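Reader: I would like to talk through the pockets and cores here, and how each label is earned. Shall we look together?

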Amino acid sequence: MFKKYYLFYFIFPIFLFLVSCGGGDTQSTSVSAVDIPKNTQGLITFTTGDVQKLQNNEWSEAEINDFIEKGDTVKVESDSFCEIQFGNRAVIKIEENTELVIPSLNTNQGSSEIGIKMLAGTVLSKVNKLAAEESFSVQTKTAACGVRGTQFMVSTEGGTDTLLAVKEGSVVLVPTRFDLEGLKEKIPADRADLISALNNIEESFTVVNADEEIEVSPEDMSRIERTYDDLENAVSEIAEKDDETSAGKVKSLSQLLVRELASTVPLTEKHRNEMEYLDSMVIRELPENGGNRYY
């Protein structure tokens, strides 16, 4: 298969000076202007092979220095991969046979929110340490992986199962359908015991630390989601009629969910090797304001 390769050299002000020896004229040539991404844009920093992007309902070839925005889709075919940098916050490598969407993208310092929704495939992520109000997450059909600053890999086969492996730092794994804050809002204000039961679920979300991994199968997630559906119904009953029978259901189902949440295992050698590429990934320094042109 014919493949095209692109090498990325991030261009701040670069000037090439050609000086002839022996008293000749001095000649200067500047590199053409390059746009710096805005705080609502990601920057494609590397591609090899067949990489496509969907913007404004139109597919086109993805190239170095192209911008990616909220709502865009990126598809990487066989024997190909792509790297995208998000401000000074993170850089990701999209592996072959991967398709993803960018549902949220804001790289403002102190309030950044970067969301990646995987439809299939594998993504490696290197994330700088984020402030308390900042977020970076990778979501599959079944789970969301949220971080504060780490190096990790997420893989999903056909969008049904989720593998999370962590090289450095820690990642919280949360079932996609969970909306505990929404459930808490339905609980009567005087039922601190029920709020505490829901808080216990949140505190029990699986944390995957360095040199650990977790794989959530479709069967695992189906069981968890059935229990969550029952919990939603019990909370709705409480909202309509606050009685001890419904309260008991909320407490028992909360305890059941805590037991059902998956546990981690040591990182396998296979996934450790797959994440070695993270060592070569670099988050290049970009101007915070973005949107400027450099010559």
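Reader: Which strands and helix each supply at least two residues of the lining of the second largest pocket?

Author: Strand E12 (113–127), strand E15 (151–156) and helix H5 (269–274) do. Helices (H or I, at least four residues) and strands (E, at least two) are DSSP runs, numbered from the N terminus. A word on sources: this is a predicted model, where local features need pLDDT of at least 70, side-chain atom pairs count only at pLDDT 80 or more, and totals for chains, interfaces and linings use all residues. Residues are numbered from 1 along each chain as its sequence is written, and side-chain values use heavy atoms, without hydrogens and water.

Reader: What makes residues count as polar or charged in the lining of the second largest pocket?

Author: Asp, Glu, Lys and Arg count as charged, Ala, Val, Leu, Ile, Met, Phe, Trp, Tyr, Cys and Pro as nonpolar, and the others, Gly among them, as polar. On that basis the lining divides into two nonpolar, five polar and six charged residues. For the largest pocket, the division is eight nonpolar, four polar and three charged.

Reader: Why is the set with Ile84 and Phe136 called a nonpolar core?

Author: The term needs buried (under 20% relative accessible area, 1.4 Å probe, protein chains only) Ala, Val, Leu, Ile, Met, Phe, Trp, Tyr and Cys residues joined through side-chain atoms within 4.5 Å. The largest such set has 36 residues, and Ile84 and Phe136 are among those touching the most other members. E12 gives the largest share, five residues. Apart from this core lies another of 20 residues, including Val174 and Leu231.

Conventions. Buried < 20%, exposed > 50% of the residue type's maximum accessible area, 1.4 Å probe, protein only.
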